[in-house]
Amino acid sequence: AHIIGLTWISSLALSNTSMSQAEAVLVLSLYSLGALLGSLLIMVLIRRFRTLQLLTWLPLLACICLAVCVLTKNALLFRVCAMLAAMCTGTLFNLLVGTGGHMFPRISGTISGMISTASSLSSLVIPAVTGWLLDFVSVPAMYTAVFPLLVLGSASAVYLRHRDAVLSGRC
């Protein structure tokens, strides 16, 4: 979801709002700022919540924010929701690396490498595939296709929370 946002958030802003080209590109900067602020906010949230709790709720919050971006015509609301979505999606990589290391301590380096490889591949593949898809669907429709992936990510975190509870005897 984060790579799609980085790649196409300006196009979504142009198609959904009355922003100029320059204003739409500014949304990309706000999106990147949101990811940075999300990383800083995680340092505070990680003290209050378990990582798997954050991995459950952040994708759902991102889904809501992206849905508002797809549906709104209001430029200010679009900017705020794009930034909030990036705050949520921009932190998922870090949380996944930490969770992988926690769940598989003996092979934490391998898990971190696998997650990093998947992230790098997504940076390569997603812009190419979504660019090709734009020949067939609109930018808002492409964003809508991301929603089930975010929900699946949250559902996976719920499963992992349950698995972790069972394995640690808290269930």
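## Helix H2, a pocket and a buried serine

Helix H2 covers residues 21-48, which makes 28 residues. At 1.5 Å a residue, H2 should span 40 Å, and its end C-alpha atoms are indeed 40 Å apart, so the two values agree. The model is predicted.

H2 also has a kink of about 35°, centred on Ile 42. Ile 42 is one of the buried residues of H2. The others are Ala 24, Val 27, Tyr 31, Gly 34, Ala 35 and Gly 38. What covers these buried residues? The cover includes the four helices in this table.

| Helix | Residues |
|---|---|
| H1 | 2-16 |
| H3 | 51-71 |
| H4 | 75-89 |
| H5 | 92-103 |

Next comes the largest pocket. It holds about 890 Å³ of space. Its lining counts 31 residues. Nearest the pocket centre lie Ala 1, Leu 92, Phe 93, Leu 96 and Ser 122. Which helices supply at least two residues each to the lining? They are H1, H3, H5, H6 (108-133) and H8 (146-167). By class, the lining has 21 nonpolar and 10 polar residues, and no charged ones.

Now look at Ser 154, which lies in helix H8. Is Ser 154 buried or exposed? Its relative accessible area is 3%. Buried means under 20%, so Ser 154 is buried. Which residues does Ser 154 touch, leaving aside its neighbours within four places in sequence? Ser 154 is in contact with Leu 55, Thr 56, Pro 59 and Leu 60.

Methods. Residues are numbered from 1 along each chain as its sequence is written. This is a predicted model: local features need pLDDT of at least 70, side-chain atom pairs count only at pLDDT 80 or more; totals for chains, interfaces and linings use all residues. Side-chain values use heavy atoms; hydrogens and water are left out. The expected span of a helix is 1.5 Å times one less than its number of residues. The bend at a residue is the angle between axes fitted to the seven residues ending there and the seven starting there. Buried means under 20% relative accessible area, exposed over 50%, partly exposed in between (1.4 Å probe, protein chains only). Contact means heavy atoms within 4.5 Å. On a 1 Å grid over the protein atoms alone, a cavity is a set of points where a 1.4 Å probe fits but cannot get out, and a pocket is an open set with protein on both sides within 12 Å along at least five of seven lines; lining residues have an atom within 4 Å of a point. Grid points are joined across faces, edges and corners, and a volume is the space filled by probe spheres set on the points. Ala, Val, Leu, Ile, Met, Phe, Trp, Tyr, Cys and Pro count as nonpolar, Asp, Glu, Lys and Arg as charged, and the others, Gly among them, as polar.
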